[in-house]
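Here is a short report for a reader who has not seen this structure before. Please look at the sequence and the model first, then read on.

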Amino acid sequence: MITYNFNGTIPVMMKITPSQQEEIVSLYKTGKYSQRDIGKSYGVSGVAIWKILRKHGVPGRTSWGQKDFRTC
């Protein structure tokens, strides 16, 4: 049985190999690409890239900077 997405398309699940995971980590560490950009090039979501980065111990980047809002 085939399950369809809400928009009527068949979902395509890509499997990221261990060597591709290493490439993803190195691409992200350059600072040139976002999780979303890398996900598009590998055919997966930005959330999938986020999970791979966390698995490899890579800290996330924030656009807000290192602010502590509790001291305001």
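Which residues in α1 meet which residues in α3? From α1 they are Q21, I24, V25 and Y28. From α3 they are I49, I52, L53 and K55. By class, this contact of α1 with α3 holds six nonpolar residues, one polar and one charged.

## The chain as a whole

This is a predicted model. The protein chain has three helices and zero strands. Along the sequence, the pattern reads α-α-α. The chain counts 72 residues, and 19% of them are buried. Its accessible surface comes to about 6200 Å². Carbon and sulfur atoms hold 59% of that surface. Among contacts with a separation of 6 or more, 49% join residues 24 or more positions apart.

## How the helices pack

Helix α1 covers residues 18-29, and helix α3 covers residues 46-55. Their axes come within 10 Å and cross at roughly 90 degrees. An angle from 65 to 115 degrees counts as roughly perpendicular, so α1 and α3 are roughly perpendicular to each other.

Helix α2 also packs against α3. The angle is about 105 degrees, and the axes are 8 Å apart. That makes α2 roughly perpendicular to α3. On the α2 side, the contact uses Q35, R36, I38 and G39. On the α3 side, it uses G46, I49, W50, L53 and R54. This contact of α2 with α3 has four nonpolar, three polar and two charged residues.

## The nonpolar core

Nonpolar side chains in soluble globular proteins tend to be buried together. Which residues make up the largest nonpolar core here? There are eleven: I16, I24, V25, Y28, I38, Y42, V44, I49, I52, L53 and V58. The elements giving two or more residues to this core are α1, α2 (35-42) and α3.

V25 is one of the core residues. Leaving out residues up to four places away in sequence, V25 touches L53, H56 and V58.

## Three residues up close

Is Q35 buried or exposed? Q35 lies in helix α2. Its relative accessible area is 18%. Buried means under 20%, so Q35 counts as buried. Beyond residues up to four places away in sequence, Q35 touches Y28, G46, I49, W50, L53 and R54.

L27 sits in helix α1. L27 has 29% relative accessibility, so it counts as partly exposed. With residues up to four places away in sequence left out, L27 touches Y33, I38 and Y42.

G31 is placed in the loop between α1 and α2. G31 is partly exposed, with a relative accessible area of 45%.

Two pairs show how sequence and space compare. The distances run from C-alpha to C-alpha.

| Pair | Apart in sequence | Apart in space (C-alpha to C-alpha) |
|---|---|---|
| L27 and I38 | eleven residues | 7.8 Å |
| G31 and R61 | 30 residues | 9.0 Å |

## Putting it together

Helix α3 takes part in both helix contacts described above: I49 and L53 of α3 meet α1, and I49 and L53 also belong to the contact with α2. I49 and L53 are members of the largest nonpolar core too. Q35 of α2 touches I49 and L53 as well. From α1, V25 touches L53.

Key: Residues numbered from 1 in each chain as written. Predicted model: local features only at pLDDT ≥ 70, side-chain atom pairs only at ≥ 80, totals over all residues. Heavy atoms only, no water. Helix = DSSP H or I, 4+ residues; strand = E, 2+ residues; numbered from the N terminus. Buried < 20%, exposed > 50% of the residue type's maximum accessible area, 1.4 Å probe, protein only. Contact = heavy atoms within 4.5 Å. Areas by Shrake-Rupley, 256 points an atom, 1.4 Å probe, with all protein chains shown as cover. Axes fitted to C-alpha atoms, helices over the stretch in contact; angles between N-to-C directions. Parallel < 35°, antiparallel > 145°, perpendicular 65-115°, else oblique. Nonpolar A, V, L, I, M, F, W, Y, C, P; charged D, E, K, R; others polar. Core = buried A, V, L, I, M, F, W, Y, C linked by side-chain atoms within 4.5 Å.
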